[in-house]
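Q: Please take a close look at one part of this model and describe it in connected prose. I would like the cut-off behind each term to be given where the term comes up.

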Amino acid sequence: MNPMQPQSIFLQVIERIHNGILSGIYKVGTRIPSVRDMAARLEVNPNTIVKAYDRLIAAGLIESRPGVGNYIREGAIEIVTQERQKRFYNEILPAVAKEMKLLNIPYERVLEHLRHDLDRTMITKGV
């Protein structure tokens, strides 16, 4: 976790869980680290993890099984994917377009770089 980021620590924890869901680290039905374990691993206050887990429960991504732990719920990957795509189209792309305009970067040049980066990503992942 990075306290220097403008995003609060508990939102960084949520983002970390989202990334784990999208990357397959946390699959449907798997147990995520306990509050205590996650707090120790990330070196943050356990109350921060509780707040993050509460948000994840409210969003339908994890379920709490009293005395057993927290587990990834069915449909979590679809929820996170939909949320991330929405953010990509509504926040990230407009910011990129604005920067392209300010820097006078042609659309074709961005596509060239994007293709290169996607190709490199596919090779790294072994696809």
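A: What follows is a close look at helix 4 and its surroundings.

The model is a predicted one, in which local features need pLDDT of at least 70 and side-chain atom pairs count only at pLDDT 80 or more, while totals for chains, interfaces and linings use all residues. Residues are numbered from 1 along each chain as its sequence is written, and side-chain values use heavy atoms, with hydrogens and water left out.

Helix 4 covers residues 76–103; helices here are DSSP runs of H or I with at least four residues, strands are runs of E with at least two, and both are numbered from the N terminus. The protein chain is divided into domain 1 (9–76) and domain 2 (85–124), with bounds that come from an automatic or database domain assignment, and the C-alpha centres of the two domains lie 30 Å apart.

The 28 residues of helix 4 should span 40 Å at 1.5 Å a residue, and the end C-alpha atoms are 38 Å apart, which agrees; the expected span is 1.5 Å times one less than the number of residues. Helix 4 nevertheless bends by about 40° at F88, the bend being the angle between axes fitted to the seven residues ending there and the seven starting there. P94 also lies in helix 4, and, leaving aside residues up to four places away in sequence, P94 touches F88 and Y89, where contact means heavy atoms within 4.5 Å. At 38% relative accessibility P94 counts as partly exposed, whereas A76, V80 and M100 of helix 4 are buried; buried means under 20% relative accessible area, exposed over 50%, and partly exposed in between, with a 1.4 Å probe and protein chains only. After helix 4 comes N104, with a positive phi near 55°.

Helix 4 is among the elements that give two or more residues to the largest nonpolar core, together with helix 1 (9–23), helix 2 (35–42) and helix 3 (46–58). Such a core is a set of buried Ala, Val, Leu, Ile, Met, Phe, Trp, Tyr and Cys residues joined through side-chain atoms within 4.5 Å. Helix 1 gives the most to this core, with five residues. Of the 20 core residues, I21 is one of those that touch the most other members, a group that also includes Y26 and I72. Not counting neighbours within four places in sequence, I21 is in contact with Y26, I72, A76, I77 and V80, of which A76 and V80 are buried residues of helix 4.
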